[in-house]
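Reader: I have a model open and would like to understand the labels attached to it. Could you take me through the reasoning behind them?

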Amino acid sequence: MSSKSFLVVDDSKFVRHVACDILNKLGFETEQADDGDTALVACQAQMPDAILLDWNMPRVDGITFMRELRTVPGGTTPTILFCTANNDLEDVQTALMEGADEYIMKPFDEEIMRTKLEEVGLL
Amino acid sequence: MSVGDFEYFCDLIKDRSGIVLSPEKAYLVDNRLAPIARQYEHADVPELLRAIRTSRDEKLLREVTDALTTNESFFFRDKKPFDAFREVMLPHILETRASRRRLRIWCAACSSGQEPYSLAMILKDMGAAFDGWKIEIVATDISHAILDRAKEGVFSQFEVQRGLPAKMLIQNFEKHGDNWGIKPDIKSKIDFRFFNLLDNPRSLGVFDIVFCRNVLIYFDQSTKQTVLESIVSASEKDAFLVLGAAETMIGLTNAYERHPDRQGLYQIQHPKEAAA
């Protein structure tokens, strides 16, 4: 059985590195993008099974990316986990209302990532 | 530390809590008791143990027992027991207690409260199914300090992310500075009480569902049997018992039947006699 694919979208190289390390360890194949614009191009080339998505990024932010992704062919299929430093109740509400499947508040670790992936059925 | 002091201390802790401390756990005793030794101005843990042996100071003994109680817990821990709660136990309760409309749940060794709060969130999520029911969740622990934390119901960002779905976070919590506090409607559903599992549970009443996960592993065989007998005595004739994934009843009691599909779920073997 082939591994599920994850697109990790974050403007921080360090966060992308940490997230990919954890996801690879948990058996996922990972690709990276550093903002919503690049992520959209990557998705149009090959739609991933899931996306780990930062909120605040230069050019196109996470919420705008998610709205645009959901309108492109196949764009409703990826499971989206927001992963952001925004940690107010209203932020979590907004992301879920806009169509995110789960929400991770930074900083995160392997345990948090694992339980969130179990929650959305990816593990 | 001297072998004599350590052995005396192990016997004392077993008498008070049932927890078995073998010689290889000396490191654990040292780690957990070092802050108390400093607090009471003893040079080190061996000196603290000598002081315990001579003084038998109740306040000190309580603090030491608290420190040795393992308090690892998180929301919806292991997920499967909570799926079984929603999909197996609650449907059975709805069917068999339809006229009585009363449900009593016991979380034995509830630690900082994540388990009983998780159950209360599931019951709230089920909405109208339990309208008009009297539901009690009794959550007990042997540590006064951890019970105070559980009653407070305030958790760090790290704690609310381990196992708690974001949807349940926004429904059931409010922000308290950098932390997250459980909302009063969930908090008020839990009756937190001090209880030692070695004591007679008569004062707690009789339960339909008992969660006693990852507790028996700290006890020796005879203490496990005593605790299970106590739980049976505090259970309805068709009550469910949930144990930890690594725990088993083999060789301990025949009172329960293991659920064929749900790991860690047991039910007392007299379902036909259950009062409706």
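**How the labels are earned**

Author: Gladly, and please keep in mind that this is a predicted model. A good place to start is chain B, where the C-alpha centres of domain 1 and domain 2 lie 30 Å apart. The domain assignment runs domain 1 of chain B over 3–68 and domain 2 over 80–273.

Reader: What makes the contact between domain 1 and domain 2 of chain B, in numbers of residues?

Author: Seven residues come from domain 1 of chain B and 12 residues from domain 2 of chain B. On the domain 1 side, helix α4 (residues 58–68) of chain B gives the most, with three residues. That side of domain 1 divides into two nonpolar, three polar and two charged residues.

Reader: Why are α2(B) and α3(B) called roughly perpendicular?

Author: The axes of helix α2 (residues 26–39) and helix α3 (residues 45–55) of chain B cross at roughly 75° and come within 9 Å. The label covers angles of 65 to 115 degrees, and α2(B) and α3(B) are therefore roughly perpendicular to each other. From α2(B), the contact uses Val29(B), Asp30(B), Leu33(B), Ala34(B), Ile36(B) and Ala37(B). From α3(B) come Val45(B), Glu47(B) and Leu48(B). By class, the residues of this contact are seven nonpolar, no polar and two charged.

Reader: Let me move to single residues. How do you know whether Phe76(B) is buried or exposed?

Author: Count its neighbours: Phe76(B) has 25 C-beta neighbours inside 10 Å. The cut-off for buried is 20 or more, so Phe76(B) counts as buried. Phe76(B) is in the loop between α4 and α5 (80–96) of chain B. Although Phe76(B) is not a glycine, its phi is positive, about 50°.

Reader: And Lys79(B): what makes it partly exposed?

Author: Lys79(B) has 14 C-beta neighbours inside 10 Å. Exposed would need 12 or fewer and buried 20 or more, so Lys79(B) counts as partly exposed. Lys79(B) is also placed in the loop between α4 and α5 of chain B. Its phi is positive too, about 60°, although Lys79(B) is not a glycine.

Reader: Why does Val227(B) count as buried?

Author: Val227(B) has 21 C-beta neighbours inside 10 Å; with the cut-off at 20 or more, the label buried follows for Val227(B). The residue belongs to helix α11 (residues 221–233) of chain B. Leaving aside neighbours within four places in sequence, Val227(B) is in contact with Gly18(B), Leu197(B), Leu216(B) and Phe219(B).

Reader: Over in chain A, what makes Glu98(A) partly exposed?

Author: Glu98(A) has 15 other C-beta atoms within 10 Å. That value lies between 12 or fewer for exposed and 20 or more for buried, so Glu98(A) is partly exposed. Glu98(A) lies in the loop between α4 (89–97) and β5 of chain A. Not counting residues up to four places away in sequence, Glu98(A) touches Ile63(A), Met66(A) and Arg67(A). The C-alpha atoms of Glu98(A) and Ile63(A) are separated by 7.4 Å, with these positions 35 residues apart along the chain.

Reader: How do you know that the peptide bond from Lys106(A) to Pro107(A) is cis?

Author: The omega of that bond is near 0°. Pro107(A) itself sits in the loop between β5 (102–105) and α5 (110–119) of chain A.

Reader: Which elements do the buried residues of α5(A) pack against?

Author: They pack against α1 (13–25), β4 (79–84) and β5 of chain A, together with α8 of chain B. The buried residues of α5(A) are Ile112(A), Met113(A), Thr115(A), Lys116(A), Leu117(A) and Glu119(A).

Reader: What makes up the side of chain B that touches chain A, by class?

Author: That side has four nonpolar, three polar and five charged residues. In the contact, 12 residues of chain B meet 15 residues of chain A. On the chain B side, α9(B) gives the most, with four residues.

Reader: Finally, which residues have the most contacts inside the largest nonpolar core?

Author: They are Leu52(A), Leu53(A), Phe82(A), Ala108(B), Val210(B), Cys212(B) and Leu241(B), in a core of 94 residues. Apart from that core lies another, of 11 residues, among them Phe9(B), Val29(B), Ile52(B) and Val64(B). In soluble globular proteins, nonpolar side chains tend to be buried together.

Key:
Residues are numbered from 1 along each chain as its sequence is written. Chains are lettered from A and ligands numbered from 1 in the order in which they are written. This is a predicted model: local features need pLDDT of at least 70, side-chain atom pairs count only at pLDDT 80 or more; totals for chains, interfaces and linings use all residues. Axes are lines fitted to C-alpha atoms, for helices over the stretch in contact, and angles run from 0 to 180 degrees between N-to-C directions. Helices (H or I, at least four residues) and strands (E, at least two) are DSSP runs, numbered from the N terminus. Angles under 35 degrees count as roughly parallel, over 145 as roughly antiparallel, 65 to 115 as roughly perpendicular and the rest as oblique. Two residues are in contact if their C-beta atoms, placed from the backbone, lie within 7 Å. Ala, Val, Leu, Ile, Met, Phe, Trp, Tyr, Cys and Pro count as nonpolar, Asp, Glu, Lys and Arg as charged, and the others, Gly among them, as polar. Domain bounds come from an automatic or database domain assignment. A nonpolar core is a set of buried Ala, Val, Leu, Ile, Met, Phe, Trp, Tyr and Cys residues joined through C-beta atoms within 7 Å.
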